[in-house]
Amino acid sequence: MRRALCPELAHDPTLGVMLGVVRQLDGTPVPDATVVFTWNDFDVDRHTAAIINREVTVDAKTDARGVYRLCGAPVERSLFAQAQNGAEMSSGILQEIIGISGILVRDFRTAGQAVTSVETRGALLTGTVTGTRDAPLEGAQVSLAGTGRSAVTNARGEFRLADVAHGTHSIEVLALGYYPRSVRVEIDRSMPQVAVHMEGAAVVLDSLQVVASRLNRMRNPSHNEFDQRASHSVGVYARRATIDSIRPMSLYDVLRRLPGVRLIIPRSGRDYVVSSSHGVTRFGDGM
């Protein structure tokens, strides 16, 4: 279907097609209407490799049946769309995502010339927001996309948005501990009540550092010689305090910080080569 609708996209799976019908509230198709699309994209500067963000705005016209089609919209990225037909006729702004299939069908309803004076005042949009186990969510923010208007749910999870223009709209719901939701609604004479169920988000805790030590530490007799030489001989000795200050992940981290020691990593093989005044020693990754 994607190739049939937009042959030029046959070899680019990152681009898709969005299509549908623009109608008035009574269902009559609206010919020669404009559906405006906006999304964010970026370019890479060839000289500095810097990323340059840009906003892309394109539009698609409806035919005599009110059908629009946009080829080349991004797949699996948020885009905003609004149907327009002059200054007095428009839908709300929808936030949509074209899935991996590359095709999205969305219809729009606009407030046409036949709207009565009662409808011109707008509708009262009410609804409820629920979360885990369908419990009401208090304090969730419900926004009418593209308008800057929002409401907060009460203890029963209820919200109210007054004087909402008729047509197709999108409401966005945010609540702590839950994934954001975008819900498409049709506002007409029925003044519907919207029910939004939120999906719980996984809780990610901050990183935790655990430090452990042995309570009953037994001294290794083989360490006596090391301690005696460190006390009376000239040289550099990696004592416990020195190693703890380095916080090494491997023996390599300790050796490469000792003066007079040169660590060589050969291009082939898994062994490191340690060169010092005492000669050359090899050791493997596991040490």
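In the hairpin formed by E13 and E14, six residues lie between the strands, and Gly177 adopts a positive phi near 85°. Strands here are DSSP runs of type E with at least two residues, numbered from the N terminus. The model is predicted: local features require pLDDT of at least 70, side-chain atom pairs count only at pLDDT 80 or more, and totals for chains, interfaces and linings use all residues. Residues are numbered from 1 along each chain as its sequence is written, and side-chain values use heavy atoms, with hydrogens and water left out.

Strands E13 (residues 167-174) and E14 (residues 181-187) run antiparallel and are joined by seven bridges; two strands pair if DSSP finds at least two bridges between them. Within this pairing, His169 stands opposite Val185 of E14.

An open sheet of four strands follows the order E3-E2-E5-E6, with antiparallel pairing. Strand E3 (51-61) and strand E6 (94-97) each have a single partner strand and stand at the edges, so one side of each lacks a neighbour in the sheet. Strands E2 (residues 34-44) and E5 (residues 78-84) pair in the antiparallel sense over five bridges, and Phe37 is placed opposite Ala81 in E5.

Strand E5 also contains Gln82. The side chain of Gln82 makes a polar contact (a donor and an acceptor, each N or O, within 3.5 Å; for residues adjacent in sequence, only if both are side-chain atoms) with the side chain of Gln84, at 2.9 Å. The Gln82 side chain also reaches the backbone oxygen of Ser91 at 2.8 Å. Leaving aside residues up to four places away in sequence, Gln82 touches Thr34, Val35, Val36, Ser90, Ser91, Gly92, Ile93 and Phe108, where contact means heavy atoms within 4.5 Å.
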